[in-house]
Structure formats: C-alpha cells, structure tokens
Amino acid sequence: MKKRIISAVTAAAIALTLSAYALAAGAGGAKYINTRAIASNLSYANTVYWNDAYGREESYALRCVPGGDAYPIVAKDDTVYGGVTIGGATAYAGSVGKNVLAAINADFFSTATGVPLGMVIEDGIYKSSPEGETAVAFRADGTAFFSESPRIVMTLTNNGDGLENANAGKTSAVTHLNKMRHDVGGMYMFSEAFSTVSTRATTPGWYVRFEILEGALTVEGEMKLVVTEAAQSEGAVTIGEGNLVLTASGAPEENFQKYAVGDYVTLTTTCDNVNLREARWATGGGDIIVKDGVVSDFSQWDKALLVRSPKTALGVTADGTVLAYVIDGRDTTYANGVTLFELADELIAQGCVTAINLDGGGSSAMSVRLPGTGA
C-alpha cells in the first residue's frame with residue numbers, strides 16, 4: 001500500500017497518533033476538544049482554551065507515531081529561492097508522488113527572497129546549509145531528532161586535468177550552500193535546487209562552473225565534477241541542470257586560481273552529527289524550548305520571539321510520537337496567542353520531552369485533509 005505523507009512548508013509537517021490530549025497548561029484550561037483520526041498512526045485535534053489572564057485561545061495539533069502509514073517529510077517547491085504558501089508546498093509534494101494529509105509551516109526565512117535561514121534536506125538530497133541554525137530532522141522510518149548546531153563541511157579537491165595536472169592537490173572549503181551571496185562571508189556553492197533562473201547575485205564577483213559527472217549532494221558523501229567554465233561576472237550567472245556553481249564576491253583571488261577548465265574535482269561533504277547522516281528530511285528551526293522534559297535555558301532564546309503571538313512548534317514525546325502544534329493569535333475576540341514560555345509549558349503538558357519553536361507569527365498555519373473532505 002502506498003504510504004501517506006505529512007508535508008510542510010520548508011520544514012516538516014507532523015502528525016500524531018490518536019491518543020488522549022492533555023489539558024493544556026500553557027494556554028489555559030481546555031473547554032472544547034475535537035479529535036479526528038486521519039490515518040492509522042495519525043490524529044488531529046482542535047482545542048479551544050480559556051485563560052483567565054487573556055481570554056480565549058485555540059490550538060491545532062497533529063500526532064504521528066513512527067512506523068505507520070503516515071510519516072513526516074520536508075517540502076517547499078522545486079527551488080530554495082522564493083516564497084511559497086502551504087497550498088503551493090502540498091501541490092509540489094503531490095507532483096513528486098506524495099499523498100499529503102496535513103502540513104504546517106516550518107523554518108524562518110528571508111522575507112525578501114524566501115530563502116530559509118537554516119538547512120534543508122529533501123528526500124535525502126542536501127539542498128541548503130544550516131548556517132548555525134538549529135535543525136529538526138526525520139529518518140525514513142518517521143522518527144524525529146533535533147540538532148542545536150549542525151556542522152556540515154564541504155571540501156573541493158582538485159585532481160588535475162590528467163595532463164599537466166598543474167592544480168592537482170589544491171583544496172578549498174565551501175562556506176555556504178544555496179544561500180543568497182553576500183559581499184562578505186566566503187564562498188558559495190549553488191545547485192539547480194536553488195533557482196531555475198540564476199545565482200541571483202547582485203554584485204560583481206567570480207565563479208567556477210562544474211559539470212556533475214557522478215554522485216548527488218548529500219550531507220555525507222562524494223561527487224565527481226569537471227570544470228567547464230571559470231570567469232568573472234557582474235552579478236548573477238545561470239546555474240543549469242546538472243551543474244554546480246562556486247562563486248564569491250569581488251575580484252578573483254587565490255581560490256579562483258585553483259581551478260581551470262578541464263580539471264577533475266572531487267566534492268566531499270561530511271557531517272559531524274551521526275543522527276543527521278541518517279536524515280531523509282530536515283529543516284531549520286528556532287530555539288529548542290524543551291529538553292529532557294523541562295523548559296530549556298531561556299536565557300539563550302531569541303528575545304524578539306518571547307512575546308504573545310501565534311506560534312508553530314514541533315515536539316517529540318518519550319515514546320517517539322511526533323507532535324506538530326499550531327496556536328492561533330492576534331485577535332482578542334478569538335485567540336491571543338501565547339508567549340514562548342507558555343508554548344514550552346503547553347508542549348510539556350502534551351508529553352513532549354524535546355520541542356523546537358518554528359517560524360510563528362503571521363507565518364503560523366496548518367492545513368489538514370480531513371476524512372470525507374476529498375480524495
């Protein structure tokens with residue numbers, strides 16, 4: 001039987017097994033709970049709360065037990081660049097053969113470009129670097145895990161052209177994968193997963209184009225490449241199918257001189273997190289707000305996100321059940337939202353031993369395909 005899938009916008013969407021939902025501690029006392037079974041291992045709950053301090057609240061939760069028909073994935077669309085709605089993300093997931101049951105928003109992103117701030121792994125393919133952001137990832141069996149500071153190293157080693165071999169043995173480190181290029185910050189690598197248009201760079205720089213001969217971008221592995229072009233540019237350059245583009249701002253420098261057309265190059269990618277090497281899907285996120293079943297060190301939390309507002313979070317219970325949680329807000333007659341502290345308390349009340357805050361505020365959203373509402 002074809003497995004059903006949970007999808008998310010540039011981040012994972014998760015569901016939970018049909019089990020008793022705790023009366024919320026962070027949001028207030030539950031006045032109304034409506035639960036629905038979505039799949040054999042996935043359930044949905046809509047809860048209305050009342051809090052004496054700030055009034056009505058409403059939340060939406062998905063519980064997914066690993067190993068069943070439903071499992072979490074990370075999906076956006078065919079490029080890292082550009083924004084997308086949940087509807088667009090689920091349509092994309094459907095176009096690549098996924099049967100989407102529910103979705104939530106995920107990673108923080110640039111409002112100017114839509115590029116996620118953290119990492120992306122989609123169906124085993126490494127699509128965007130972590131940039132020091134936290135990550136939540138999923139194995140093929142649906143189990144989830146978190147990484148506070150994932151470190152993925154990309155190294156290019158020139159093997160020479162097979163004739164003069166003038167550049168053989170020269171190496172360079174890639175600083176960023178599929179992020180917007182800035183005038184400071186090292187070297188950037190772009191794959192066709194970034195944009196169908198170009199690297200989107202806006203300032204002069206240099207670039208080296210590689211044709212992929214063998215392999216695929218993963219967080220642990222090797223690719224065989226050959227240099228097909230090395231030049232300066234006034235801004236953006238096309239990427240193209242089956243190519244990688246290495247680039248940096250400014251005039252050509254030492255790293256540019258390490259490559260010549262015809263050189264054969266090995267790209268080696270390594271990851272220091274054993275769990276992350278097993279990830280089939282991954283997305284960046286915000287603060288890990290629950291650790292070992294208690295509120296984490298809040299002195300390290302992003303101060304701008306402490307205020308009461310809509311929130312999106314993802315947690316894992318002691319038995320491995322994954323909880324995707326969205327709470328409404330910014331409407332005093334309907335829902336006021338919660339603070340980050342209240343969100344952490346709520347997730348603990350829901351049984352989470354670990355939980356991460358995802359992009360909230362105006363981005364908080366959940367889409368659920370309820371039984372009887374469509375194919």
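**Exercise 1. The cavity.** How many cavities of 30 Å³ or more does a search of the whole structure find?

*Solution.* This is a predicted model: local features need pLDDT of at least 70, side-chain atom pairs count only at pLDDT 80 or more, and totals for chains, interfaces and linings use all residues. Residues are numbered from 1 along each chain as its sequence is written, and side-chain values use heavy atoms, with hydrogens and water left out.

Step 1. Fix the term. On a 1 Å grid over the protein atoms alone, a cavity is a set of points where a 1.4 Å probe fits but cannot get out; lining residues have an atom within 4 Å of a point. Points are joined across faces, edges and corners, and a volume is the space filled by probe spheres set on them.

Step 2. Count. The search finds 1 cavity of 30 Å³ or more.

Step 3. Size it. The largest cavity holds about 80 Å³ of space.

Step 4. List the lining. It has 12 residues, and Lys 76, Val 80, Val 120, Glu 122 and Lys 127 are the closest to the centre. Strand S7 (74-75) and strand S9 (120-122) are the elements that give two or more residues to this lining. Strands (E, at least two residues) and helices (H or I, at least four) are DSSP runs, numbered from the N terminus.

Step 5. Sort by class. The cavity lining has 5 nonpolar, 2 polar and 5 charged residues. Here Ala, Val, Leu, Ile, Met, Phe, Trp, Tyr, Cys and Pro count as nonpolar, Asp, Glu, Lys and Arg as charged, and the others, Gly among them, as polar.

**Exercise 2. The largest pocket.** Which residues lie nearest the centre of the largest pocket?

*Solution.* Step 1. A pocket is an open set of grid points with protein on both sides within 12 Å along at least five of seven lines.

Step 2. The largest pocket has a volume of about 300 Å³.

Step 3. Its lining counts 17 residues; Thr 134, Gly 286, Asp 287, Ile 288 and Gln 300 lie nearest the centre.

Step 4. By class, the pocket lining splits into 5 nonpolar, 6 polar and 6 charged residues.

**Exercise 3. Salt bridges.** Locate the salt-bridge partners of Arg 277 and Glu 342, and state how accessible each residue is.

*Solution.* Step 1. A salt bridge is a side-chain nitrogen of Lys or Arg within 4 Å of a carboxyl oxygen of Asp or Glu. Side chains of opposite charge can pair when their charged atoms come close. The whole structure has 10 salt bridges.

Step 2. Arg 277 pairs with Glu 220, with 3.7 Å between the closest N and O atoms. This pair links distant parts of the chain, 57 residues apart: Arg 277 sits in helix H3 (residues 274-277), Glu 220 in the loop between strand S17 (205-214) and strand S18 (221-233).

Step 3. Check exposure: buried means under 20% relative accessible area, exposed over 50%, partly exposed in between (1.4 Å probe, protein chains only). Arg 277 is partly exposed at 40%, and Glu 220 is partly exposed at 39%.

Step 4. Glu 342 meets Arg 308 at 2.7 Å, N to O. Glu 342 lies in helix H4 and Arg 308 in the loop between strand S23 (294-295) and strand S24 (311-317), so the bridge ties together parts 34 residues apart in sequence. Glu 342 is buried at 16%, whereas Arg 308 is partly exposed at 33%.

**Exercise 4. Positive phi.** Where do Glu 131 and Arg 200 lie in the chain?

*Solution.* Step 1. Most residues other than glycine have a negative phi.

Step 2. Glu 131 has a positive phi of about 55°. The loop between strand S10 (125-128) and strand S11 (134-138) holds Glu 131. Glu 131 is partly exposed, at 31% relative accessibility.

Step 3. Arg 200 has a positive phi of about 65°. Its place is the loop between strand S16 (188-191) and S17. Arg 200 is partly exposed, with a relative accessible area of 27%.

**Exercise 5. A surface patch.** Which residues make the nonpolar surface patch of about 240 Å²?

*Solution.* Step 1. Patches are made of residues with over 30% relative accessible area and no salt bridge; like charges are joined within 9 Å, nonpolar side chains (Val, Leu, Ile, Met, Phe, Trp, Tyr) within 5 Å. Areas come from the Shrake-Rupley method with a 1.4 Å probe; for residues, only the protein chains shown count as cover.

Step 2. Val 295, Phe 298 and Phe 341 make the patch.

Step 3. Place one member. Phe 341 is in helix H4 (residues 340-349). Phe 341 is partly exposed, at 33%.
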